[in-house]
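User: Hi! I have a structure open and I'd like to find my way around it. Could you walk me through it?
Analyst: Happy to, let's look at it together.

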Amino acid sequence: MEAINDVHVSEPGLVILDIAAADDETAFTFHTALATRWATTSVERTTRDPGQPGVRLRCYLDLRQPLYSPGHPERSR
């Protein structure tokens, strides 16, 4: 994983999330669930630590945007 620097968390509401999962499908499914609710960075691949089980995925979230559930009328605006 890359180091976290001041730019990544320069304002309240910005989050760095490291996801640990058993497999790629689980990690990407979780990321997709997050992306339906908040602004997130896109992700294309997971990483594996040699000799360790599972995968890791890092994404960045912006919690400053309004939180709406999927299908909420406000999401279509």
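**The sheet and its helix**

Analyst: Let's begin with the sheet: three strands form an open sheet in the order β1-β3-β2, with antiparallel pairing. Keep in mind that this is a predicted model.

User: Which strands are at the edges?
Analyst: The edge strands are β1 and β2, and each of them pairs on one side only.

User: How many bridges link β1 and β3?
Analyst: Eight bridges, in the antiparallel sense, and β1 covers residues 14-21. To see the pairing on screen, find L17, which stands opposite C59 in β3. Then look at D18, whose bridge partner in β3 is R58.

User: And how many join β2 to β3?
Analyst: Two bridges join them, and these strands run antiparallel. Strand β2 is made of residues 39-40. One pair to look for is A39 with D62 in β3. In general, strands of a sheet pair through backbone hydrogen bonds.

User: OK, zooming out. What pattern does the chain follow along the sequence?
Analyst: The pattern is β-α-β-β, and the secondary structure comes to one helix and three strands.

User: Where does the helix lie?
Analyst: Helix α1 lies across β1, β2 and β3, and runs at about 5° to β3. The helix has twelve residues and reaches 16 Å from its first C-alpha to its last, close to the 16 Å expected at 1.5 Å a residue.

User: Which residues of α1 are buried?
Analyst: They are A27, H31 and L34. Seen down the axis of α1, the buried residues fall within an arc of 55°, so they line one face of the helix. It helps to know that an α-helix has 3.6 residues a turn, so residues three or four places apart point the same way.

User: What covers those buried residues?
Analyst: The cover includes β1, β2 and β3.

User: H31 caught my eye. Is it buried or exposed?
Analyst: H31 is buried, with a relative accessible area of 8%; the cut-off for buried is under 20%.

User: What does H31 touch?
Analyst: Leaving out residues up to four places away in sequence, H31 touches T40, T41, V43, L57 and C59. The C-alpha atoms of H31 and C59 are separated by 7.9 Å, although these residues are 28 residues apart along the chain.

User: V43 is on that list. What does V43 touch?
Analyst: With the same neighbours left out, V43 touches F28, H31, L57, R58 and C59.

User: New topic: which residues make up the largest nonpolar core?
Analyst: There are nine: I19, A21, A27, L34, V43, V55, L57, C59 and L61. The elements giving two or more residues to this core are β1, α1 and β3, and the largest share, four residues, comes from β3. As a general point, nonpolar side chains in soluble globular proteins tend to be buried together.

User: β3 keeps coming up! How many of its residues are buried?
Analyst: Six of the eight residues of β3 (residues 55-62) are buried, so the strand is largely enclosed by the rest of the structure.

User: And how much of the protein chain is buried?
Analyst: Buried residues make up 21% of the 77 residues in the protein chain.

User: Last one: what share of the contacts comes from residues 24 or more positions apart?
Analyst: Among contacts with a separation of 6 or more, such residues account for 59%. The H31 and C59 contact, with their positions 28 residues apart along the chain, is one you have already met.

Key:
Residues numbered from 1 in each chain as written. Predicted model: local features only at pLDDT ≥ 70, side-chain atom pairs only at ≥ 80, totals over all residues. Heavy atoms only, no water. Buried < 20%, exposed > 50% of the residue type's maximum accessible area, 1.4 Å probe, protein only. Pairing = 2+ DSSP bridges. Core = buried A, V, L, I, M, F, W, Y, C linked by side-chain atoms within 4.5 Å. Contact = heavy atoms within 4.5 Å. Axes fitted to C-alpha atoms, helices over the stretch in contact; angles between N-to-C directions. Expected span 1.5 Å × (residues − 1). Arc of directions from axis to C-beta.
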